[in-house]
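Student: Got a minute to go through this one with me? I'd like to start with the interface.

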2 protein chains.
Amino acid sequence: MRIGELSSRTGVPVPTIKYYVREGLLPPGELSSPNQASYEDSHERRLRLIRALLEVGGLSVAAIREVITAVDDKDKPVHKLLGTVADQLVPSTGRDESDAETALARTKVARLVADRGWAVNPGCRAGEALASALAALSRTGHGRFEEVLETYADAAERVAAADMAFASRASGREDLVESVAVGTVVGDTMFAALRRLAQEDASARAGATP
Amino acid sequence: MRIGELSSRTGVPVPTIKYYVREGLLPPGELSSPNQASYEDSHERRLRLIRALLEVGGLSVAAIREVITAVDDKDKPVHKLLGTVADQLVPSTGRDESDAETALARTKVARLVADRGWAVNPGCRAGEALASALAALSRTGHGRFEEVLETYADAAERVAAADMAFASRASGREDLVESVAVGTVVGDTMFAALRRLAQEDASARAGATP
């Protein structure tokens, strides 16, 4: 198909498509004449992935490039690929990481991961994000909130199992990455909203207590 | 105590304390002489609340004022107070709310709330945030992800019960609000990080499949 059709099929304006090609996010079309390129269904799928990562995931062009490089690296096992996607989706904490609260929080994260037998590196980006949250609690005098950690971890295991079941139905690497990216980002928003609704329900039931 | 001691106890600079008084977030101290005011323990607690809402919750001064007005309104039942806090913590979606996807998503949220018997208004801010997430899924061609909704809602109920158990140990309205605000905001971050760790674990176990 021509670039105009690719644009109307995906809703992505022609200049934006050309920008993605220049930035290396989208392979160039095959030249059918000196100033006309032809695009395939694979371009349409790739554009849909870019749009999902950008609009739903809020990823930068640089982060999208990392993800796409991983998708295209056929030697990369799928779970490493998913690790790359997840890393781009967890914002870096940007916190001072050398204070006493963070050091203590890291040992807590490592213990939690070991106790649960999770096959992950506790120093990965998600582990650091958790340590950063625990350190913030401690700094503001709310270290007590850690008592909910095990309940949260149980709930996270159930949610992750549902996420995996959803992702396992994907056909091919590109579809899988898109499912994981969309599920991860929209999933966070969905869960936060559901938690708020369930809190309000529990609070209304408890009436004027405590 | 004098303003200098209040500042050193809380780590909030004197000009910032004066700014909070001008903005109506903190009651003025009692004048002990024409240019000297005296502050109580209640001022220290209030400053700690403001700091938690600001630094951990990322709330604006206007949002903090709403919360504090609700705390000070002693006629307001506790669950209404918590509703006010929760509302300030859920960012408004800012989406176009009149499209077909959103209309359909709203009916799904209303059905979920009814099926679960949650004593909440599905049109509240959290309900709108959920509808907005579902509409985004549908718009990007990932409506299928809705299959995880019931698992998410189950997990959210467990997490909310742990949140409530934590909050129920608060002493007094101000401590309660602070617990809820901190728990809600840090809780979102904690849960998202735990979900990511559990996903990576599940993915590593599944090996190179699918």
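Tutor: Sure. In this predicted model, 68 residues of chain B are in contact with 70 residues of chain A, contact being C-beta atoms, placed from the backbone, within 7 Å.

Student: Which elements give two or more residues to chain B's side?

Tutor: Helices H3 (41-56), H5 (78-89), H7 (125-139), H8 (149-167) and H9 (173-205) of chain B; helices are DSSP runs of H or I, at least four residues, numbered from the N terminus. H9(B) gives the largest share, 21 residues.

Student: And how does that side split by class?

Tutor: It has 44 nonpolar, 13 polar and 11 charged residues. Asp, Glu, Lys and Arg count as charged, Ala, Val, Leu, Ile, Met, Phe, Trp, Tyr, Cys and Pro as nonpolar, and the others, Gly among them, as polar.

Student: Switching topic: what rotation superposes chain B on chain A?

Tutor: 180°, with 0.1 Å of shift along the axis and an RMSD of 0.1 Å, fitted by least squares on C-alpha atoms of residues with pLDDT of at least 70 in both. That's the relation of a two-fold axis. Both copies use the same surface, as 99% of chain B's contact residues recur in chain A.

Student: Which residue of chain B comes closest to the axis?

Tutor: Ala155(B), its C-alpha at 2.5 Å.

Student: Where is confidence lowest in chain A?

Tutor: In H5(A), residues 78-89, at a mean pLDDT of 76; pLDDT is the predictor's per-residue confidence, from 0 to 100. The chain A mean is 85, and the complex gets an ipTM of 0.79.

Student: Any conventions?

Tutor: Residues are numbered from 1 along each chain as its sequence is written, with chains lettered from A and ligands numbered from 1 in the order written. Local features need pLDDT of at least 70 and side-chain atom pairs 80 or more, while totals for chains, interfaces and linings use all residues.

How values were computed:
Two residues are in contact if their C-beta atoms, placed from the backbone, lie within 7 Å.
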